[in-house]
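User: I am new to this structure and would like to learn how to read its features. Could you guide me through them one at a time?

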Amino acid sequence: MAEMSLEQRQYLTARFEEFVAAVHPMGDDQPVRKPYQWQIRLMLYVAEHGCWPQGIGAPTASGKTCVIDVHVFLNAMAGLVSDEGSVEGRMLAGIPLQRVPRRLALTVNRRSLVDDQFDEASVLQKSMQENNGIDGLDMYRKGLELRSAINDGIQQESSSPRMIAVELRGGVSPDREWRYYPQTCAVICATPDMFGSRLLFRGYGTSRTMRSMEAGLLAYDTVLIVDEAHLSRQLLKTARQVARIENMAEESLARRIAPLQVVETTATPASGDAHDTVSVEE
């Protein structure tokens with residue numbers, strides 16, 4: 001893995017700050033919203049490694065929901081880099097952006113927080129689906145289209161989404177759209193039981209014929225962010241077995257598509273891998 005150059009870091013940081021300011025517009029009398037330094041470090045870590053760290057050490061109210069912005073931004077950049085001859089392709093050559101997962105699953109053991117995360121993802125999804133040309137997001141919309149192969153030259157019967165936001169929790173009818181667009185950038189907000197049951201072929205509210213599809217989609221090309229992981233130790237341990245089981249396969253898919261990545265966010269991490277954690281610093 002080649003280390004990113006200073007020029008590449010500066011370029012990605014500038015684009016990320018531009019993206020955050022555009023998707024979180026402030027009032028006329030308020031300053032432009034900027035990402036925190038730990039959020040920038042997280043974005044750069046994922047871009048440089050092509051995968052997420054094992055942990056995020058950020059206390060409550062420190063902006064952990066920014067993982068949604070990081071995920072969508074890097075998927076958009078991955079799409080732009082895939083366009084041969086583009087500025088991004090030249091600037092970011094050698095960075096493994098194509099390895100960044102297309103699906104981000106956020107789990108937390110509180111329905112109200114799942115709702116909050118879904119609201120955040122839905123606002124971003126709406127911004128990505130619009131075509132107003134004046135908010136500075138057209139570049140990133142194009143990137144998401146390229147990432148999901150919307151511009152593949154094939155006549156579409158209906159418009160395909162650039163981004164999908166899904167909520168999976170009790171008391172809410174499950175959204176099934178994400179299953180039919182596996183190549184599209186998606187944000188899945190779920191309770192631990194809803195995610196875990198699908199990963200184990202036992203999805204609540206899922207028919208028998210579709211359980212294997214959901215399990216496969218969540219086991220590959222997906223990153224799971226386990227918020228308040230100290231309350232979901234069993235999910236954390238179970239989800240981390242996917243990569244181990246994949247490595248035992250006679251014909252591993254890992255070279256072509258990454259198995260499930262798992263990130264814990266908690267004040268009391270279970271893994272103890274401090275070297276693979278992006279944290280808030282004083």
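Analyst: What follows is a short tutorial on the sheet, a helix, some single residues and a pocket. Please keep in mind throughout that the model is predicted.

User: Let us begin with the sheet. What is the order of its strands, and are they paired in a parallel or an antiparallel sense?

Analyst: The order tells which strands lie side by side. Here an open sheet of 7 strands follows the order 3-4-2-5-6-1-7, and the pairing is parallel. Strand 3 (163–168) and strand 7 (277–279) are the edge strands, each pairing on one side only. From one strand to the next, the twist averages 15°.

User: Which strand pairs with strand 7, and over how many bridges?

Analyst: Strand 1, residues 55–57, pairs with strand 7 in the parallel sense over 3 bridges. Within this pair, Val 278 of strand 7 stands opposite Ile 56.

User: How should I read the neighbours of strand 2, and which residues stand opposite Leu 104?

Analyst: One looks for bridges on each side of the strand. Strand 2 is joined to strand 4 (residues 185–190) by 5 bridges, and the two run parallel. Strand 2 also pairs with strand 5 in the parallel sense, again over 5 bridges. Leu 104 illustrates both pairings: its bridge partner in strand 4 is Val 187, while in strand 5 it stands opposite Val 223.

User: Which way do the side chains of strand 2 point, and are they buried or exposed?

Analyst: The general idea is that side chains in a regular strand alternate between the two faces of the sheet. In strand 2, Arg 103, Ala 105 and Thr 107 point one way, whereas Leu 104 and Leu 106 point the other way. The residues on both sides are buried. Strand 2 (residues 103–107) is accordingly described as mostly covered, with 5 of its 5 residues buried.

User: How are a helix's length and surroundings read, taking helix 3 as the example?

Analyst: One compares its span with the expected value, and then counts its buried residues. Helix 3 (residues 67–81) has 15 residues and reaches 21 Å from its first C-alpha to its last, close to the 21 Å expected at 1.5 Å a residue. Because 14 of the 15 residues are buried, helix 3 is largely enclosed by the rest of the structure.

User: How is the accessibility of a single residue judged, for instance that of Ser 279 and Gly 196?

Analyst: A residue counts as buried under 20% relative accessible area and as exposed over 50%, with partly exposed in between. Ser 279, which lies in strand 7, has a relative accessible area of 26%, so it is partly exposed. Gly 196 has its place in helix 7 (residues 192–199), and its 12% relative accessibility means that it counts as buried.

User: Finally, what is the volume of the largest pocket, and which residues are closest to its centre?

Analyst: A pocket is read through its volume and its lining. The largest pocket has a volume of about 410 Å³. It is lined by 22 residues, of which Thr 60, Ala 61, Lys 64, Asp 227 and Glu 228 are the closest to its centre. Helix 5 (111–129) and strand 5 (222–227) are the elements that give two or more residues to this lining. Helix 5 contributes the most, with 4 residues. By class, the lining has 8 nonpolar, 8 polar and 6 charged residues.

Notes: Residues are numbered from 1 along each chain as its sequence is written. This is a predicted model: local features need pLDDT of at least 70, side-chain atom pairs count only at pLDDT 80 or more; totals for chains, interfaces and linings use all residues. Side-chain values use heavy atoms; hydrogens and water are left out. On a 1 Å grid over the protein atoms alone, a cavity is a set of points where a 1.4 Å probe fits but cannot get out, and a pocket is an open set with protein on both sides within 12 Å along at least five of seven lines; lining residues have an atom within 4 Å of a point. Grid points are joined across faces, edges and corners, and a volume is the space filled by probe spheres set on the points. Ala, Val, Leu, Ile, Met, Phe, Trp, Tyr, Cys and Pro count as nonpolar, Asp, Glu, Lys and Arg as charged, and the others, Gly among them, as polar. The expected span of a helix is 1.5 Å times one less than its number of residues. Buried means under 20% relative accessible area, exposed over 50%, partly exposed in between (1.4 Å probe, protein chains only). Two strands pair if DSSP finds at least two bridges between them. Axes are lines fitted to C-alpha atoms, for helices over the stretch in contact, and angles run from 0 to 180 degrees between N-to-C directions.
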